[in-house]
Amino acid sequence: MSKAVIKLTDLNKSFSHRAGNNHVLKQINLQVDVGEMVAILGQSGSGKSTLLSILGLLDVADSGCYYLCNHDVKSLSAYQLSQLRNQHVGWVFQNFNLIADMTVSENLMVPLRFNDAIKASEYANRVADVLSKVGLSDRCSFYPDELSGGQQQRVAIARALICQPDILLCDEPTGNLDSTNSRKVMDLLCDLHKEGRTVLIITHDSTVAACCQKAYSMVDGKLQLMSEQEFKYAV
Ligand SMILES: Nc1ncnc2c1ncn2[C@@H]1O[C@H](COP(=O)(O)OP(=O)(O)O)[C@@H](O)[C@H]1O
Ligand SMILES: [Mg+2]
């Protein structure tokens, strides 16, 4: 078995638009191994979210190969893709994406209900475990609008962890937070990495990238590993 959680080879993605064809991702190669914490830095519009959508199986590439946890995603049906997404990927979004009319506990149970491998009798224990991990055990009956932005993002991280995924994909996880809450969210992601979790963060914030061991830059749809010197200069 390969140690790669993500392996991309020569990936391309274009969007057709009335203004013309937009070649957004150009011959992307990327490998993320078990236990790595990796940042992808890039300006707005450089293709970061498009790449993350493909990595998280929300979109498909036009060409190239993508293996997620040794599964060739090209050969899978829509149902198999949804199961793979649910079991292997935890998503953390910039705007948290919690469901407003559900409590924290109910939000955390949503991914469990889509996971055929987890029994309903395990739900309560899983919810308690992830809430304790993000330091919000006392907020299980709160609604999202009764929480601060930082607390909402920690709930979103708990939700991302609840099916014990192989990788956390984070799209600008601190983009909507003040500096104190950004720090708390990054400390939490760093702690998860120290426990052995694999984390991929896309960001335009170099202080976020500084928490990672490895960084790639995305420029005009091309991805390049940053040298130690470039990385130091960027952060
Ligand atoms: N669904 C879409 N249809 C057409 N163009 C898109 C779509 N999604 C993204 N794009 C284009 O792809 C480019 C990269 O966007 P995106 O991946 O969101 O960049 P980033 O996350 O780095 O800001 C932009 O030029 C954007 O207009
Ligand atoms: Mg984006």
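Here is a walk through this structure, from its cysteines to the way some of its helices pack. Keep in mind that the model is predicted.

Let's start with the cysteines. A disulfide is a covalent bond between the sulfur atoms of two cysteines. How many disulfides does the structure hold? The count is zero. To count as a disulfide, two cysteine sulfur atoms have to lie within 2.5 Å. Now look at Cys65: the nearest cysteine sulfur belongs to Cys69 and is 16 Å away, so Cys65 is in no disulfide. With 28% relative accessibility, Cys65 counts as partly exposed. Cys212 is in no disulfide either; for this residue the nearest cysteine sulfur is that of Cys211, at 6.3 Å. Is Cys212 buried or exposed? Its relative accessibility is 5%, so Cys212 counts as buried.

Cys69 deserves a second look. You'll find Cys69 in the loop between β4 (63-68) and β5 (71-72). What stands out about its backbone is phi, which is near 50°, a positive value in a residue other than glycine. Cys69 counts as buried, because its relative accessibility is 15% and the cut-off for buried is under 20%. Glu172 makes a nice companion here: its phi is also near 50°, again a positive value in a residue other than glycine. Glu172 is in the loop between β7 and α6, and with a relative accessible area of 9% this residue is buried.

Next, move to Cys163. Where is Cys163 found? Look in the loop between α5 (149-161) and β7 (167-171). Cys163 is buried, its relative accessible area being 10%. So who are its neighbors? Leaving aside residues up to four places away in sequence, Cys163 touches Asn86, Gln87, Pro111, Leu112, Asn115, Ile118 and Arg126. The chain also brings Cys163 and His88 together in space: they are 75 residues apart along the chain, yet their C-alpha atoms are separated by 8.0 Å.

Two of the residues touched by Cys163, Pro111 and Leu112, lead us to helix α3 (residues 104-113). Which residues of α3 are buried? They are Val104, Ser105, Asn107, Leu108, Pro111 and Leu112. Those buried residues pack against α2 (78-88), α4 (123-133) and α5. Take Ser105 as an example from this helix. Ser105 has 16% relative accessibility, so it counts as buried. Apart from residues up to four places away in sequence, Ser105 touches Val127 and Cys140.

Finally, let's see how α5 sits beside another helix. Two packed helices are described by the angle between their axes and the distance between the axes. The partner here is helix α6 (residues 179-194), and the axes of α5 and α6 come within 9 Å and cross at roughly 20°. Why does that make α5 roughly parallel to α6? Angles under 35 degrees count as roughly parallel, so this pair fits that description. Their crossing is right-handed. If you zoom in on the contact, Gly150, Gln153, Arg154, Ile157 and Leu161 of α5 meet Asn181, Lys184, Val185, Leu188, Leu189 and Leu192 of α6. Sorted by class, this contact has six nonpolar, three polar and two charged residues.

Conventions
Residues numbered from 1 in each chain as written. Chains lettered and ligands numbered in written order. Predicted model: local features only at pLDDT ≥ 70, side-chain atom pairs only at ≥ 80, totals over all residues. Heavy atoms only, no water. Buried < 20%, exposed > 50% of the residue type's maximum accessible area, 1.4 Å probe, protein only. Helix = DSSP H or I, 4+ residues; strand = E, 2+ residues; numbered from the N terminus. Contact = heavy atoms within 4.5 Å. Axes fitted to C-alpha atoms, helices over the stretch in contact; angles between N-to-C directions. Parallel < 35°, antiparallel > 145°, perpendicular 65-115°, else oblique. Left-handed = near helix turned anticlockwise from the far one by under 90°. Nonpolar A, V, L, I, M, F, W, Y, C, P; charged D, E, K, R; others polar.
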